[in-house]
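Open the model in your viewer and have the selection box ready. We will walk through it one stop at a time.

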Amino acid sequence: MKLILLGPPGAGKGTIAALISEKYKIPGISTGDIFRKAVKDSTPLGIKVKEIMNKGELVPDEVTCDLVKERLGQDDVKNGYMLDGFPRTIPQAESLSTFAEIDIVINFICSNDVVISRLSGRRICRECGKIYHVTNMPPKTEGVCDICSGELYIRDDDKIESIKNRLEIYKEQTEPLINFYKNLNLLKDIDSSKTPKKAMEQITEIL
Ligand code: AP5
């Protein structure tokens with residue numbers, strides 16, 4: 001099973017990716033997570049993409065496609081995988097089609113008001129990456145991860161200006177992928193504005 005999770009920032013892709021991984025035993029590949037780790041480790045890639053990400057802009061297609069192509073060459077994806085946050089432009093989707101055959105694209109549908117409120121309250125564990133929300137999905141102890149006791153942090157691109165920029169870029173550059181995959185008969189819509197449980201019920205039915 002080879003999946004793409006498509007949808008605006010804050011639609012819940014990362015949250016649901018963790019649930020799909022657990023249920024279907026396939027790895028999730030998040031280009032955002034890979035870039036954030038590179039920034040944290042101050043690798044040459046991280047230094048290159050740091051400012052781009054903070055402003056909420058997209059990393060150049062060539063850099064992103066090379067990275068995903070290399071990741072899909074690793075052993076753990078042999079029985080399937082899930083791409084979260086890739087592709088996000090038509091050139092990325094065209095490039096992907098030259099080195100991978102995708103079975104289903106899950107399109108997360110969620111209004112701008114909902115995603116803004118979700119991103120403004122998002123907290124992430126610095127150690128294990130678990131995603132929380134200050135009111136929707138709070139940790140048991142404020143600022144501390146339930147799973148590993150790691151410190152929770154706010155992503156640099158979850159400031160309101162970056163969020164607005166990311167939503168605009170999504171509309172201009174990523175939304176055209178909906179028709180791209182619809183035309184290939186791969187697109188399945190889900191309403192991701194409800195609880196993660198409700199989103200998973202829809203996905204289970206699709207898969
Ligand atoms: P990336 O990390 O991919 O970010 P994104 O697509 O903007 O998506 P998010 O991670 O913000 O949101 P999400 O949908 O995963 O929501 P989440 O589950 O966390 O990309 C970051 C940056 O990296 C880009 O801006 C770009 O610079 C670069 N980049 C990455 N990929 C690239 C590419 N392919 N090309 C070029 N550049 C690239 O949920 C959000 C919040 O809502 C959380 O607090 C969560 O707890 C809460 N929540 C989730 N679901 C629910 C629910 N059902 N009910 C209530 N609350 C919920």
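Here is a short tour that goes from a strand, to its partners, to a helix and finally to a loop.

Please keep in mind that this is a predicted model.

**Stop 1: strand S3.** Select residues 81-84, which make up strand S3. Are the two faces of S3 covered or not? Both are: Tyr81 and Leu83 are buried on one side, and Met82 and Asp84 are buried on the other.

**Stop 2: the partners of S3.** Now add strand S1, residues 2-6. S1 and S3 run parallel and are joined by four bridges. To find your place, look for Leu5, which stands opposite Asp84 of S3. Next, add strand S2, residues 28-30. S2 also pairs with S3 in the parallel sense, here over three bridges. Gly28 is a handy marker, as it stands opposite Met82 in S3.

**Stop 3: helix H4.** Select residues 61-71 and show the side chains of Val63, Thr64, Cys65, Leu67, Val68 and Arg71, the buried residues of this helix. What do they pack against? Their neighbours are strands S2 and S3, together with helices H2 (31-40), H3 (44-55) and H5 (90-99).

**Stop 4: Pro8.** Move to the loop between S1 and helix H1 (13-24), where you will find Pro8. Its relative accessibility is 5%, so Pro8 counts as buried. Leaving aside residues up to four places away in sequence, Pro8 touches Lys13, Phe108, Cys110, Val115, Leu167 and Tyr170. To link back to the first stop, draw a C-alpha to C-alpha distance from Pro8 to Met82: they are 17 Å apart in space and 74 residues apart in sequence.

Terms used: Residues numbered from 1 in each chain as written. Predicted model: local features only at pLDDT ≥ 70, side-chain atom pairs only at ≥ 80, totals over all residues. Heavy atoms only, no water. Buried < 20%, exposed > 50% of the residue type's maximum accessible area, 1.4 Å probe, protein only. Contact = heavy atoms within 4.5 Å. Pairing = 2+ DSSP bridges.
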